[in-house]
Amino acid sequence: MTGRNDRDALTRFLLERSGVRGVIVRLDDTWASIRDRADYPSEVAARLGETCAAAGLLTGHVKVDGRLSVQLRGTGALSTLFAECTRAGRLRGLARYNEPVPSPLTPRHFGPGSLLAITIENQPPGTREAVRYQGLVGLDADTLAEAFEGYFARSEQLPTRLALAVHGDVAAGMMLQLLPEAQGDADGWNRASALFDTLTHAELCALPVETLLWRLFHEEGVRLLGTSPLDFGCSCSRERVAAMLLSLGHDEAMAAAVGDRAEITCEFCNRRYEFDRVDIEQLFTPPTGRAPDRPQ
């Protein structure tokens, strides 16, 4: 079993001898909250759990002042895997798929022309507009871990290893990356990577973090850098739904109203928002003397 402080947490660590930084993510109740929002086939649920763990890992790797999202999309048996993690450690995710679902289900089942996108939205202090960064690569891998390793090889040119696993009721991940300014011995990365290859999915999901890191890297000078909590959270709001209706344009927004009202359900948390025809009309009615604000 994981330790009490390992549940729903992100832990950063350093391999001082090797010049390698690392992150471990464990999702317990957080993963259950995401998984149970929809009746996913087991193979789809496993890939979604891995994607959620990856989103958590990446927030431990880069500076995120807003939110980081991971999206894989295609036109095959898998059409969408999406996970988002905020600076505060709030995670949400969803999957879309087409029947029949093959087993095993791999990134190859997104079909030809599939893509992996990693998006960071940061909001600098004192600004009203978020700054958006996105990296986009073709999806060509047999596992999600390999897909993310390929992303880093092409976008950052830094040696990176990932392990992603769903085992029992736990989704977990580990990430290693060579520090750009690494001062370790010349063989440090090869040694750390070889030790990483001995890690099993069961160990990643079950062993306490300190026990796991000691087993793998005790000869590399492993040092814990801190642990941050993770939990399920959705960023939907009535204001964001209103902005979505406004972006549709007047006619389409009114057409969304069946009878006297439009009912929009958030795909991430199942929260329902209702707008009657008067509400929708008011969205398109500018205050006196000014034009309506429209999303750009």
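**Exercise 1.** Find out how much space lies in the largest pocket of this predicted model, and what lines it.

*Solution.* Start with the volume: the largest pocket holds about 1100 Å³ of space. Next, look at its lining, which is made of 35 residues, with Arg67, Glu84, Arg92, Glu121 and Arg240 closest to the centre. Then trace the elements that give two or more residues to this lining: among them are strand E3 (67-73), strand E4 (78-86), strand E5 (90-97) and helix H7 (238-248). Finally, sort the lining by class, which gives 14 nonpolar, 10 polar and 11 charged residues.

**Exercise 2.** Describe the second largest pocket by its space and its lining.

*Solution.* Begin again with the volume, about 340 Å³. This pocket is lined by 22 residues, and those nearest its centre are Thr143, Ala145, Leu162, Leu164 and His201. Helix H2 (42-59), helix H3 (144-155) and strand E8 (160-167) are the elements that give two or more residues to the lining. By class, the lining of the second largest pocket has 10 nonpolar, four polar and eight charged residues.

**Exercise 3.** Decide whether threonine 30 is buried or exposed, and find its partners.

*Solution.* First, place the residue: threonine 30 belongs to helix H1 (residues 29-35). Its relative accessible area is 2%, and buried means under 20%, so threonine 30 is buried. Now look for partners beyond its neighbours within four places in sequence: threonine 30 is in contact with Asp8, Leu91, Leu230, Asp231 and Phe232. With aspartate 8, there is also a polar contact of 2.7 Å between the two side chains.

Key:
Residues numbered from 1 in each chain as written. Predicted model: local features only at pLDDT ≥ 70, side-chain atom pairs only at ≥ 80, totals over all residues. Heavy atoms only, no water. 1 Å grid on protein atoms, 1.4 Å probe; cavity = no way out; pocket = protein on both sides within 12 Å on 5 of 7 lines; lining within 4 Å. Points joined across faces, edges and corners; volume = space filled by probe spheres on them. Helix = DSSP H or I, 4+ residues; strand = E, 2+ residues; numbered from the N terminus. Nonpolar A, V, L, I, M, F, W, Y, C, P; charged D, E, K, R; others polar. Buried < 20%, exposed > 50% of the residue type's maximum accessible area, 1.4 Å probe, protein only. Polar contact = N/O pair within 3.5 Å; in protein donor to acceptor, adjacent residues only side chain to side chain. Contact = heavy atoms within 4.5 Å.
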